[in-house]
Amino acid sequence: MIKNPQTVFEIENRFQASKHTLATIIQSLWRGYIARKRYTRTKALVICCQRLARQRLRYRRSMKLRAFNAVTQKIVFVQKNIRRLLAVRAYNRTRNAGLTIINFVKGFLSRNDPPNAYNGRFLVYKQTKYLIELSGALPKSLIDDCWPNPPNCCVEVITKSTVKISYREFLYIMNEIYLFKGICLLKGLASRLVIKNISSKFS
């Protein structure tokens, strides 16, 4: 209880003198409270955003890793199939080469035998070579009866027990042979004339 009025006036004067200081203290405390509250809220929001961002980055990283693993598995699968295919091709090539060599050796050993599954290439080679030699050694006239000696594969074996022909059929066959010789001779002469004409034009 205040008994002296001077004390009241003294208190009032001191209050008026320190009013700005008190207002400043109250404002600073309030602003500190507001700033602290805003800071805590902002910190919580930042932490939440960081957590979501890290989860998103972790998810993206896991998806990239999963896609990389899937692509790697596909590449490994393709490489495995390609290597298997190349190995099978190499095996088949080696096997076919071995079979070809074996068949070639068998054909060479049986080149003078009757035609079979192995000496067909040799017989074809002999026949081709004989035809080439025959084309270069045609008779010069119709009377000329010299022909190159054919190999065994180009000779037809005719025995009395298998084939019997009459004299008329024999004459017919001989006429056909001489006619074939004449056609071959005419073709040779015509080709020579054509070659001479072409060479004379270009010369």
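**Figure 1. Burial and fold of the protein chain in the predicted model.** Of the 203 residues in the protein chain, 7% are buried. The exposed area of the chain comes to about 18600 Å², of which 64% is supplied by carbon and sulfur atoms. The secondary structure consists of 4 helices and 0 strands, and the pattern read along the sequence is α-α-α-α. When contacts between residues at least 6 apart in sequence are considered, 37% of them join residues at least 24 apart.

**Figure 2. Positive surface patch that includes Arg58.** Arg54, Arg56, Arg58, Arg60, Arg61 and Lys64 together form this positive patch on the surface. Arg58, one of its members, has its place in helix H2, which covers residues 19-109.

**Figure 3. Nonpolar surface patch that includes Phe108.** The patch is made up of Ile101, Phe104, Val105, Phe108 and Leu109, which together have about 510 Å² of accessible area. Phe108 belongs to helix H2, and its relative accessibility is 40%, so that Phe108 counts as partly exposed, the range for this class lying between 20% and 50%.

**Figure 4. Surroundings of Ser110 in the loop between H2 and helix H3.** Ser110 is placed in the loop that lies between H2 and helix H3 (120-136). Because its relative accessibility is 10%, Ser110 counts as buried, the cut-off for that class being under 20%. When neighbours within four places in sequence are left aside, Ser110 is in contact with Asn116, Tyr118 and Asn119.

Definitions and conventions. Residues are numbered from 1 along each chain as its sequence is written. This is a predicted model: local features need pLDDT of at least 70, side-chain atom pairs count only at pLDDT 80 or more; totals for chains, interfaces and linings use all residues. Side-chain values use heavy atoms; hydrogens and water are left out. Patches are made of residues with over 30% relative accessible area and no salt bridge: like charges are joined within 9 Å, nonpolar side chains (Val, Leu, Ile, Met, Phe, Trp, Tyr) within 5 Å. Accessible areas come from the Shrake-Rupley method with a 1.4 Å probe; for residues, only the protein chains shown count as cover. A salt bridge is a side-chain nitrogen of Lys or Arg within 4 Å of a carboxyl oxygen of Asp or Glu. Lys and Arg count as positive and Asp and Glu as negative; His and the chain ends are not counted. The place of a charge is taken as NZ of Lys, CZ of Arg, CG of Asp or CD of Glu. Helices (H or I, at least four residues) and strands (E, at least two) are DSSP runs, numbered from the N terminus. Buried means under 20% relative accessible area, exposed over 50%, partly exposed in between (1.4 Å probe, protein chains only). Contact means heavy atoms within 4.5 Å.
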